[in-house]
Amino acid sequence: MSPASSGSSSPEVRDSTIVLLVLNEIDGLTQVWDDLPLDRFARTVAVDGGSTDGSREFLAARGIPVLDQPIAGRGVAFRVAAEATDTARVVFYSPDGNEDPADIARLDDMVRGGADLAIASRFASGAVNEEQDAFRPRARVNQALTWLANRLFHDGPFVTDTINGFRALPRARLLELNTTVKRFPIEYQISIRAMTRGWTIAEIPTHEGQRAGGESKALSWPVGKDHLKVLLSELPHVRVLR
């Protein structure tokens, strides 16, 4: 069990796990560590994709269990975490400086309040994100993929960010999805499968910071191509829209 707990939180509030998705994130971990709301959660675990920069040692020194992946990939990390934890809810957080630690508890609260999936949106009204710059083509691609997912799979309120990995959901719901993606498009598959099932999807506008420790590991063209593959693979599950 992670170092969690001020005993003031009720058992229901604390029936959740923070999952840290880690691959050479020592700079980000150092930057955000003191702001992580560990006391509010029953557990904190890390899933490590093969760090060699001291991330594992940093976490171990702070009592955080570090789970290994049988093969590399963000999608694999999601499944490793879901299978290894036993709390009712999980919140996925990448400690790279981009994601606001203050939103961890907000996402968990939305799931505890009844949402089947809660997403920290970079494109909702009030969000702050460098990708909103008109000259950032990745933002336009993300929004196009999100529009397609809504148009093809969803008949509920428009979801503004189907791709961001900063999200929370009931652990049982995640296992129910039987995800197959191994790498970055795992979030897109989760969003689409949640849409096809008519789940309640909630969003909060997030303030995204600057990444610590270098460039993103998500290269635009390969990752964009993989998202399109996920979209096409999910087409047989299109719901009959009302």
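Threonine 179 touches Arg79, Ile186, Gln189, Ile190 and Arg193 in this predicted model, leaving aside residues up to four places away in sequence. With Arg79 the link goes a step further: a polar contact of 2.9 Å joins the side chains of threonine 179 and arginine 79. As for where this residue sits, threonine 179 is part of the loop between H6 and H7. Being in a loop doesn't put threonine 179 on the outside here; its relative accessible area is 10%, so it counts as buried, the cut-off being under 20%.

Asparagine 178 belongs to the loop that runs between helix H6 (171-176) and helix H7 (186-196). Its relative accessibility comes out at 56%, and because exposed means over 50%, asparagine 178 falls in the exposed class. The backbone is worth a look too: phi of asparagine 178 is near 50°, which is a positive value in a residue other than glycine.

Another asparagine turns up with a positive phi. For asparagine 24, phi is near 55°, again in a residue that isn't glycine. This one is found in the loop between strand E1 (16-22) and helix H1 (26-32). On the accessibility side, asparagine 24 has a relative accessible area of 30%; that value lies between the 20% and 50% cut-offs, so the residue is partly exposed.

Put briefly, the H6–H7 loop holds threonine 179, which is buried and has a side-chain polar contact to arginine 79, while asparagine 178 is exposed and asparagine 24 is partly exposed.

Technical notes
Residues numbered from 1 in each chain as written. Predicted model: local features only at pLDDT ≥ 70, side-chain atom pairs only at ≥ 80, totals over all residues. Heavy atoms only, no water. Helix = DSSP H or I, 4+ residues; strand = E, 2+ residues; numbered from the N terminus. Buried < 20%, exposed > 50% of the residue type's maximum accessible area, 1.4 Å probe, protein only. Polar contact = N/O pair within 3.5 Å; in protein donor to acceptor, adjacent residues only side chain to side chain. Contact = heavy atoms within 4.5 Å.
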